[in-house]
Amino acid sequence: MKFIKLILPIILGMVSIHSYGQQEDSSHVKITGTGNAPACNGFCCCAGNSQAPLGVMTDHIHQKGTWMFSYTYMNTVMRGNNIGTAKASDNTVYENYVMAPETMTMQMHMAMVMYGVTDRLTLMAMGGYTANNMNMNMSSGAMSMPGMVMPANTNMGMQSMSSGITDTKVSALYNFSGIAAQRIIGSLGISLPTGTIKATGTTMLGDNERLPYDMQIGTGSYSIDPDITYARKYGLFYWGANAGADVKLNYNSLGYKDGNIYHATAWAGYQFLPFLSGTLRAEDIHTDRISGVDPVINNPVYQESDPTTRTGNYGGTCMNVYVGLNFYLMKPVLEHFRIMAEYGVPVYQNLDGTQMALKSNLLAGLQYAF
């Protein structure tokens with residue numbers, strides 16, 4: 001939250017240099033179209049390699065009548081546990097629970113389409129498919145708990161998996177800046193609960209039971225997603241900042257609501273070659289705790305055995321640092337494509353209760369604009 005509170009005035013401060021930027025950049029910035037694409041009258045998506053890192057998706061708009069389709073693969077790896085800011089060993093977790101999460105991977109395939117309604121207004125829709133895989137260790141006293149059903153092929157450890165279609169997000173993005181080499185984009189999105197909240201799998205209660213909250217694919221709730229981005233270019237350098245939120249509007253059909261998410265990020269990039277630029281990005285994410293409970297997950301045996309079944313073990317703050325690359329070839333046929341990648345690791349985590357700690361996050365994407 002401290003980083004988020006810091007970044008908002010920074011964005012507003014950047015906006016204040018609007019008039020100065022117009023005078024400064026008009027002398028040396030000229031952005032033209034390529035092939036059959038129209039000339040870009042502003043700092044648009046496909047002008048060289050000055051696009052924000054892949055993890056920032058609301059930093060650009062598209063000209064009237066133009067489209068962009070993109071595919072992004074994201075692989076998030078979590079390993080070990082934290083209590084607050086301190087690492088917690090399995091033995092520490094066993095003081096309160098029978099099981100201790102060991103590793104979790106979340107592989108997401110995201111599809112996005114953007115369309116320029118006007119030169120300032122762009123519509124965006126995004127959805128995807130995700131697959132979760134969690135491994136948990138068990139204490140030697142697991143078999144002695146009353147009501148426990150030892151799943152097949154356990155051997156003092158357990159694996160749970162879930163997969164399916166994620167929630168769907170639709171947004172409108174508007175560029176308030178008419179200056180070349182600068183964008184001030186405000187966006188407002190609505191998230192639709194298209195992902196399941198009733199995924200089942202292997203738990204301490206059996207082989208086909210309701211999985212914990214973090215293994216569910218969707219949220220079951222509608223949410224509103226306000227967002228603001230400032231992006232700037234000067235010669236071969238470019239930079240920007242973004243802040244936004246994901247605010248849940250209702251309790252889902254099972255009686256709980258995932259925590260609101262507040263995020264802020266800032267980045268800087270440099271175009272090393274005509275077809276290659278590199279970026280460095282810092283990110284802060286704060287997540288509130290879950291409100292309410294799923295009555296199926298709120299089972300005494302389940303709660304005593306697995307920390308991921310307790311709503312008090314959700315929420316917290318994580319700060320991450322990313323490095324990224326953008327490839328963009330100004331060649332016939334290839335000029336409409338862009339390849340992007342980012343890799344991030346946490347530098348600070350303060351998690352509520354007992355939670356798995358983030359280890360790394362990898363994003364790779366392909367974009368096609370026309």
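Let's start with Arg281, which lies over the face of Tyr322 at 4.3 Å from the ring centre. The rule here is that a charge sits over a ring if NZ of Lys or CZ of Arg is within 6 Å of the ring centre and within 35 degrees of the ring normal. Arg338 does something along those lines too: its charged end sits over the ring of Tyr328, 4.5 Å from the centre. Keep in mind that this is a predicted model, where local features need pLDDT of at least 70 and side-chain atom pairs count only at pLDDT 80 or more, while totals for chains, interfaces and linings use all residues. Residues are numbered from 1 along each chain as its sequence is written, and side-chain values use heavy atoms, with hydrogens and water left out.

Back to Arg281, since there's another partner to look at. Arg281 also forms a salt bridge with Glu342, with the closest N and O atoms 2.9 Å apart; a salt bridge here is a side-chain nitrogen of Lys or Arg within 4 Å of a carboxyl oxygen of Asp or Glu. This pair links distant parts of the chain, with Arg281 in strand β14 (residues 276-287) and Glu342 in strand β17 (residues 337-369), 61 residues apart. Strands (E, at least two residues) and helices (H or I, at least four) are DSSP runs, numbered from the N terminus. Are these two partners buried or exposed? Arg281 is buried, at a relative accessible area of 3%, and Glu342 is buried as well, at 1%. For these labels, buried means under 20% relative accessible area, exposed means over 50%, and partly exposed is in between (1.4 Å probe, protein chains only).

Now follow β17 to Asp352, which forms a salt bridge with Arg289, the closest N and O atoms being 3.5 Å apart. Here too the pair links distant parts of the chain: Arg289 is in the loop between β14 and β15 (291-292), Asp352 is in strand β17, and 63 residues separate them. Arg289 is partly exposed at 44% relative accessibility, and Asp352 is partly exposed at 22%. Salt bridges that share partners also join Arg281, Glu283 and Glu342 into one network.

Elsewhere, the side chains of Lys248 and Asp246 meet in a salt bridge, 3.5 Å from N to O. Lys248 counts as buried, at 7% relative accessibility. How many salt bridges does a search of the whole structure find? The count is seven. As a general point, side chains of opposite charge can pair when their charged atoms come close.

On to the rings. Rings of Phe, Tyr and Trp (its six-membered ring) pair if their centres lie within 6.5 Å, with planes under 30 degrees apart counted as stacked, over 60 as edge-to-face and the rest as tilted. By this rule there are ten aromatic pairs. One of them is Tyr270 with Phe272, an edge-to-face pair at 5.2 Å centre to centre with 70° between the planes. Tyr270 is partly exposed at 26%, whereas Phe272 is exposed at 52%. Tyr368 and Phe370 have their ring centres 5.4 Å apart and their planes at 35°, so this pair is tilted. Tyr368 is partly exposed at 31%, and Phe370 is partly exposed at 43%. Ring pairs also link Trp67, Phe69, Tyr115, Phe337, Tyr368 and Phe370 into a cluster.

Phe69 takes us into the strands. Phe69 stands opposite Val113 in β3. Strand β1 (residues 67-84) and β3 pair in the antiparallel sense over 13 bridges; two strands pair if DSSP finds at least two bridges between them. On to β3 and strand β4 (residues 121-138), which run antiparallel and are joined by 17 bridges. Among the partners, Thr103 is matched with Asn135 in β4. β3 and β4 form a hairpin, with four residues between them.

Just ahead of β3 you'll find Glu95, in the loop between α3 (90-93) and β3 (99-116). Glu95 is exposed, at 64% relative accessible area.

Last stop: Arg183, found in strand β7 (residues 182-192). Arg183 is buried, at 1% relative accessibility. A polar atom of the Arg183 side chain lies 2.3 Å from the backbone oxygen of Asp59.

Conventions: A polar contact is a pair of N or O atoms within 3.5 Å; within protein, one must be able to donate a hydrogen and the other to accept it, and residues adjacent in sequence count only if both atoms are side-chain atoms.
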